[in-house]
Amino acid sequence: MTPNPFPINLIIKILRTSVDLNQKEFAQILGHNFPNYVSQLELGRRQPSTDDIQKLAEYFDLPLELFAEGAMEIYKYRLMLVRKLTAS
């Protein structure tokens, strides 16, 4: 596996904006009551917990390994899923 070319804060922002959620909605998905938590994650001032990563993987139906591989791999994986669904 190659090193992650994108920091986790960028991955989190890409995922949130890809489904058009605001920070408050996204914080609720992660089980937090404060949108400031997501802001801190996206700015890189706080690192997500293992539980946060697990919840993101479940919500976006992504393998956990993709979080180590980077944002571009997550984007390509989600694009592949969309293509499979629309081809059916």
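Axes here are lines fitted to C-alpha atoms, for helices over the stretch in contact, and the angle between two of them runs from 0 to 180 degrees between N-to-C directions. The structure described is a predicted model.

**Helix 1 against helix 3**

Two packed helices are described by the angle between their axes and the distance between the axes. For helix 1 and helix 3, the axes come within 7 Å and cross at roughly 125°. The two helices are therefore oblique to each other. On the side of helix 1, the contact is made by Asn9, Ile12, Lys13 and Arg16, and on the side of helix 3 by Val38, Leu41 and Glu42. By residue class, this contact comprises 3 nonpolar, 1 polar and 3 charged residues.

**Salt bridges**

Side chains of opposite charge can pair when their charged atoms come close. The model contains 2 salt bridges, set out below.

| Salt bridge | Closest N to O distance | Location |
|---|---|---|
| Arg16 with Glu42 | 2.5 Å | helix 1 (residues 8-18) and helix 3 (residues 35-42) |
| Lys55 with Asp51 | 3.2 Å | both in helix 4 |

The pair Arg16 and Glu42 links distant parts of the chain, the two residues being 26 residues apart. Both residues also take part in the contact between helix 1 and helix 3. Arg16 counts as buried because its relative accessibility is 10%, under the 20% cut-off. Glu42 is likewise buried, with a relative accessible area of 10%.

The pair Lys55 and Asp51 lies within helix 4, with 4 residues of separation, about one turn of the helix. An α-helix has 3.6 residues a turn, so residues three or four places apart point the same way. Lys55 counts as partly exposed at 25% relative accessibility. Asp51 also counts as partly exposed, at 43%.

**The two sides of helix 4**

Helix 4 spans residues 50-59, and its buried residues include Asp52, Ile53, Leu56 and Ala57. These four cover an arc of only 135° around the axis, which puts them on the same side of helix 4. On the other side of the helix, Thr50 and Glu58 are exposed. Just after helix 4, Asp61 takes a positive phi of about 55°.

**Summary**

Which residues form the salt bridge that links distant parts of the chain? They are Arg16 in helix 1 and Glu42 in helix 3, with their closest N and O atoms 2.5 Å apart. The salt bridge of Lys55 with Asp51, by contrast, lies in helix 4.

Notes. Residues are numbered from 1 along each chain as its sequence is written. This is a predicted model: local features need pLDDT of at least 70, side-chain atom pairs count only at pLDDT 80 or more; totals for chains, interfaces and linings use all residues. Side-chain values use heavy atoms; hydrogens and water are left out. Buried means under 20% relative accessible area, exposed over 50%, partly exposed in between (1.4 Å probe, protein chains only). The arc is that of the directions from the helix axis to the C-beta atoms. A salt bridge is a side-chain nitrogen of Lys or Arg within 4 Å of a carboxyl oxygen of Asp or Glu. Angles under 35 degrees count as roughly parallel, over 145 as roughly antiparallel, 65 to 115 as roughly perpendicular and the rest as oblique. Contact means heavy atoms within 4.5 Å. Ala, Val, Leu, Ile, Met, Phe, Trp, Tyr, Cys and Pro count as nonpolar, Asp, Glu, Lys and Arg as charged, and the others, Gly among them, as polar.
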